[in-house]
Structure formats: C-alpha cells, structure tokens
Amino acid sequence: MYKLNGELSLRAVTEHDQSFLDDLYISRREDLQQLGLASAMLDQLIKMQQQAQSLGIHQHYPNADYWIVAHGNQAVGRVVVDAGSTDFRLVDIAIIPAAQRKGIAREILFAMQERARHQNMGISLAVEKNNNVARSLYLGMGFFVHSDDMLFEQMHWRAASSTMAVEADCQSMRKNNVTA
C-alpha cells in the first residue's frame with residue numbers, strides 16, 4: 001500500500017464506484033465533447049471509448065491494481081498501477097477537475113516513489129505530449145523521457161537517477177556559488 005499524507009487515501013475500486021468512474025472519464029474527454037454531436041450520440045461515443053480504454057488496460061496489464069483516490073470520504077480520482085518485476089507501471093492517474101492542481105497527483109507520485117525506492121524498483125508511465133501540466137509534474141519529480149512517438153512520451157524514474165539529478169543540481173549550484 002502507498003503511504004499518503006493528510007486526508008488523502010487509496011482504496012480498492014468496487015462496483016459501487018462505477019458512477020464516479022463514469023463521471024471521471026467524461027470529465028477527461030473534452031476532445032469528444034467538442035465534436036458537436038447530439039447528446040445521445042456523444043454519450044454512446046464516450047461510453048464506447050471508456051470501454052475500449054478499460055479493455056485495453058485489462059489486456060495489457062491483467063494484474064494491475066485499481067484504486068480510488070479519496071480526500072476524506074470524497075472520491076477525487078483513480079489510479080491504476082501494475083507492479084512488474086523491476087518497475088511499477090503507472091497505467092493511469094485521473095483526478096476530478098475540482099480537485100486538480102491541489103497536489104493530489106504529486107502526493108500519489110511521491111508515495112509511489114517512496115515505495116519503489118524501498119523495493120529497489122523504478123516507475124514507468126506514458127504521457128501525452130500535449131499534456132504539458134502532467135509532463136511538467138513528471139519531469140519535476142525526476143522522471144526522464146526514455147522514448148517517444150508522435151503522441152506519447154514514455155517516461156521512467158529510478159531512485160538512483162533521481163538522486164543523481166539532485167546531486168548534479170547541488171554540484172552546479174556549488175560551482176556557481178548559488179544557494180537555495
């Protein structure tokens with residue numbers, strides 16, 4: 001389990017969470033909502049996309065853990081993590097719009113990094129190239145781009161590489177007589 005600070009917690013997804021998960025998915029698909037489709041057609045398209053995403057995750061990561069992110073008793077997000085032999089794969093992380101940019105994703109990533117560090121593992125993920133907020137968060141937390149294609153960057157984090165980056169920054173600051 002991941003140790004989160006404050007009022008944040010993770011719990012396993014249950015069948016009672018489906019309505020929340022549907023709303024969360026819809027909130028992430030502004031691209032589809034901007035197509036100008038009739039409401040019934042849009043609802044059907046979003047449901048099909050959500051089912052395709054779910055099927056894809058289950059096929060590629062059959063042993064993944066699905067977590068609801070809660071702030072107090074309120075569900076605010078979902079995290080899907082697959083534990084491999086050398087890396088944790090952050091398959092998906094989604095936070096409801098009202099709870100975004102409040103440090104929730106950062107706290108989850110920090111908890112993942114702590115767990116990975118203690119188990120001598122890394123963390124990998126894919127991020128859309130046009131998702132500048134997420135990319136900035138990951139890069140700021142020591143992830144590096146391992147590879148990319150036209151749509152996604154594959155990112156990795158290892159405790160040693162993160163430590164080396166911090167040490168390199170400290171050395172650079174010392175060399176330039178900069179203090180924090």
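Asp87 has a relative accessibility of 16% and therefore counts as buried, a class that covers residues under 20% relative accessible area, with exposed meaning over 50% and partly exposed the range in between (1.4 Å probe, protein chains only). The structure is a predicted model, in which local features need pLDDT of at least 70 and side-chain atom pairs count only at pLDDT 80 or more, while totals for chains, interfaces and linings use all residues. Residues are numbered from 1 along each chain as its sequence is written, and side-chain values use heavy atoms, with hydrogens and water left out.

Asp87 is a convenient way into the charged pairs. A salt bridge is taken as a side-chain nitrogen of Lys or Arg within 4 Å of a carboxyl oxygen of Asp or Glu, and the whole structure holds 7 of them. In one, Asp87 meets Arg158, with 3.0 Å between the closest N and O atoms. This pair links distant parts of the chain, since Asp87 belongs to strand 4 and Arg158 to strand 7, 71 residues apart. Helices (H or I, at least four residues) and strands (E, at least two) are DSSP runs, numbered from the N terminus. Unlike buried Asp87, Arg158 is partly exposed, at 33% relative accessible area.

Two further salt bridges deserve a look. Arg135 and Glu153 approach to 2.7 Å between their closest N and O atoms. Because Arg135 sits in helix 5 (residues 132–140) and Glu153 in strand 7, this pair ties together parts that are 18 residues apart in sequence. Both residues are buried. The salt bridge between Arg117 and Glu114 has an N to O distance of 2.4 Å; here the two residues are 3 apart in helix 4, so about one helical turn separates them. Arg117 is partly exposed at 34%, and Glu114 is partly exposed too, at 26%.

Arg89, also a residue of strand 4, makes an interesting case. Arg89 is buried yet has no salt bridge, and the nearest side chain of opposite charge, that of Asp87, is 7.1 Å away; in this count Lys and Arg are positive and Asp and Glu negative, with His and the chain ends not counted. The Arg89 side chain does make a polar contact with the side chain of Ser124, at 3.4 Å. Such a contact is a pair of N or O atoms within 3.5 Å; within protein, one must be able to donate a hydrogen and the other to accept it, and residues adjacent in sequence count only if both atoms are side-chain atoms. Beyond four places in sequence, the contacts of Arg89 (heavy atoms within 4.5 Å) include Tyr61, Val80, Asp82, Leu125 and Gln154.

Turning to the strands, two of them pair if DSSP finds at least two bridges between them. Strand 4 and strand 5 run parallel and are joined by 4 bridges, and Leu90 has Leu125 of strand 5 as its bridge partner. Strand 5 also pairs with strand 7 (residues 152–158), in the antiparallel sense and through 7 bridges; in this pairing Glu128 stands opposite Phe152. With 5 of its 7 residues buried, strand 5 is largely enclosed by the rest of the structure. Strand 7 pairs antiparallel with strand 6 (residues 144–148) as well, over 4 bridges, where Val145 is matched with Met155. A hairpin of 3 residues connects strand 6 to strand 7.

The largest nonpolar core comprises 39 residues, and Leu90, Tyr138 and Phe143 touch the most other members. Helix 4 gives the most to this core, with 6 residues. A nonpolar core is defined as a set of buried Ala, Val, Leu, Ile, Met, Phe, Trp, Tyr and Cys residues joined through side-chain atoms within 4.5 Å. Outside its neighbours within four places in sequence, Phe143 contacts residues including Leu109, Ile123, Leu125, Tyr138, Met155 and Trp157.

Finally, the loops offer two backbone details. Most residues other than glycine have a negative phi. Arg101, in the loop between strand 4 and helix 4, is not a glycine but has a positive phi of about 60 degrees, and is exposed at 71% relative accessibility. Asn120, in the loop between helix 4 and strand 5, has a positive phi near 55 degrees and is exposed at 70%. The C-alpha atoms of Asn120 and Asp87 are 8.8 Å apart, although 33 residues separate the two in sequence.
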